[in-house]
There are 2 protein chains.
Amino acid sequence: MVEGVEPPKRRRNRAAREREMLEAAERIFGERGYQGTSMDDVAAEVGVSKPLIYQYYGSKDGLFLACLARLRAQLLETVSDAVMAATDAEDALYAGFVAWFQFLDDHPQAWSVLIDEGMLSTNPAAGPAAAATDEVRAAFIELISAMVRMNLPPGRTADNDEIEIIAQSISGATERLAIWRSRVPAPPTPEKVARTLQDLLWQGLQTLSTA
Amino acid sequence: MVEGVEPPKRRRNRAAREREMLEAAERIFGERGYQGTSMDDVAAEVGVSKPLIYQYYGSKDGLFLACLARLRAQLLETVSDAVMAATDAEDALYAGFVAWFQFLDDHPQAWSVLIDEGMLSTNPAAGPAAAATDEVRAAFIELISAMVRMNLPPGRTADNDEIEIIAQSISGATERLAIWRSRVPAPPTPEKVARTLQDLLWQGLQTLSTA
DNA sequence: GACAACAACTTACTCCCAGTAAGTTACTCG
DNA sequence: CGAGTAACTTACTGGGAGTAAGTTGTTGTC
């Protein structure tokens with residue numbers, strides 16, 4: 001029997017298939033968003049039937065969260081590293097901002113996965129990725145709070161409400177700026193944005209420390 | 001035939017029904033979010049069949065947008081009024097913040113309508129209310145930009161990028177703070193939050209004006 | 001090499017919900 | 001009263017999430 005090519009391998013082991021699915025899902029979610037993507041789409045892309053995805057990832061949310069996980073870790077690590085590498089508080093803030101905006105420039109597709117239904121979803125009941133994105137946010141807020149606290153003079157007792165308010169503000173500002181940059185035709189460079197934000201906030205932060 | 005009460009009026013005119021539908025929709029969206037609400041739910045609540053809602057509002061998005069419209073107008077007006085009533089720039093900023101947080105405290109249900117899938121949706125393709133919420137945001141950003149510009153010394157040529165960055169930051173900060181306040185058990189008062197935010201930003205804003 | 005046992009995979013559904021076509025019932029005005 | 005229209009309903013389509021139950025390939029064992 002003349003067979004031009006060997007028949008394509010149908011069966012793969014679980015790990016390999018999971019990887020395939022994840023890659024396809026990342027791409028399709030990135031292109032069409034969460035709502036715009038159906039499980040059948042992903043299944044077709046992988047060349048597999050839908051229930052198999054359910055068997056491996058449990059639900060559409062599960063698949064989406066899996067897509068986010070890598071991303072999340074990378075993003076957090078990138079920014080944390082930049083902050084930790086800085087020599088003083090002022091530089092740490094600036095470096096963190098730059099790392100944040102730069103990362104999102106470097107991973108536009110990943111970013112759109114995060115944004116769509118994720119960044120936006122604030123209500124845990126609303127979105128699937130809401131919880132996951134909230135975790136990222138919480139981690140950043142923790143990071144910012146820590147930076148603010150460390151910048152406080154030794155003797156001063158921090159007003160926790162104030163620190164929380166400031167951390168939330170900075171987190172909100174950076175998120176909105178990221179979204180804005182991703183949608184405007186010619187966004188300013190990460191450095192420019194970071195610089196401006198730094199200028200806007202730094203003096204106020206100093207004042208807090210000495211009030 | 002003994003009829004205890006007169007048979008309930010079934011038929012109403014269009015305007016009255018539209019109002020009924022809008023009220024029901026506002027309540028249900030407020031409770032269960034956009035995704036969690038089905039058109040059948042709303043129809044049942046009003047005591048009417050689903051197609052009637054479609055006849056009047058066109059689509060689920062249409063209904064949701066109608067809910068947002070009032071809210072939107074009120075919110076914008078409240079904050080604008082507060083800003084306009086202020087005597088100087090510093091007070092205008094503070095008054096605007098207070099008005100914003102206060103309004104959201106006073107309309108928690110309305111607020112949750114705005115947040116859920118609305119505030120969050122940044123991608124036009126993602127959500128239905130995305131466009132509407134973006135309009136609110138755009139209006140605020142315009143307002144903030146104007147305030148910043150007016151606070152500039154007469155001779156200075158403004159760097160438009162910087163002003164945009166600042167306006168986006170402030171908008172993002174206030175949004176995030178509002179969401180945070182709505183979810184934390186004992187949020188600080190509007191005045192406290194406004195004060196802290198004011199302290200954080202004011203000096204930076206002054207610096208921009210004289211840089 | 002045969003076969004048991006498990007892992008990989010599929011077919012063929014269910015249910016839920018947005019949206020619609022086509023018809024029916026009550027009100028109103030001449 | 002009857003005609004015309006506004007208000008309303010029943011009964012459907014289509015699509016997508018999720019699932020029950022079965023089938024087929026692979027692998028290790030004698």
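In the predicted model, 53% of the atoms of DNA strand D that lie within 4 Å of the protein belong to sugar or phosphate, and the rest belong to bases. The protein surface near this strand is made up of 21 residues, of which Arg11(A), Tyr54(A), Arg11(B), Arg14(B) and Ser49(B) come nearest. By residue class, this surface divides into eight charged, seven nonpolar and six polar residues.

Helical elements of both chains contribute to the surface near DNA strand D. At least two residues each are supplied by α3 (50–57) of chain A and, in chain B, by α1 (14–32) and α3 (50–57). With four residues, α3(B) gives the most to this surface.

Contacts with the phosphates of DNA strand D involve side chains from chain A and chain B. In chain A, Tyr54(A), one of the residues that come nearest to the strand, places a polar side-chain atom 3.1 Å from a phosphate oxygen. For Lys60(A), the corresponding separation between a polar side-chain atom and a phosphate oxygen of DNA strand D is 2.9 Å. In chain B, an N or O atom in the side chain of Arg17(B) is found 3.1 Å from a phosphate oxygen of the strand.

A polar contact within chain A was also examined. Glu175(A) is located in helix α8, which spans residues 160–183 of chain A. The relative accessibility of Glu175(A) is 8%, and this residue therefore counts as buried, the threshold being under 20%. Its side chain makes a polar contact of 2.6 Å with the side chain of Arg137(A).

Note on methods:
Residues are numbered from 1 along each chain as its sequence is written. Chains are lettered from A and ligands numbered from 1 in the order in which they are written. This is a predicted model: local features need pLDDT of at least 70, side-chain atom pairs count only at pLDDT 80 or more; totals for chains, interfaces and linings use all residues. Side-chain values use heavy atoms; hydrogens and water are left out. A residue is near a molecule or strand if one of its heavy atoms lies within 4 Å of it. A polar contact is a pair of N or O atoms within 3.5 Å; within protein, one must be able to donate a hydrogen and the other to accept it, and residues adjacent in sequence count only if both atoms are side-chain atoms. Ala, Val, Leu, Ile, Met, Phe, Trp, Tyr, Cys and Pro count as nonpolar, Asp, Glu, Lys and Arg as charged, and the others, Gly among them, as polar. Buried means under 20% relative accessible area, exposed over 50%, partly exposed in between (1.4 Å probe, protein chains only).
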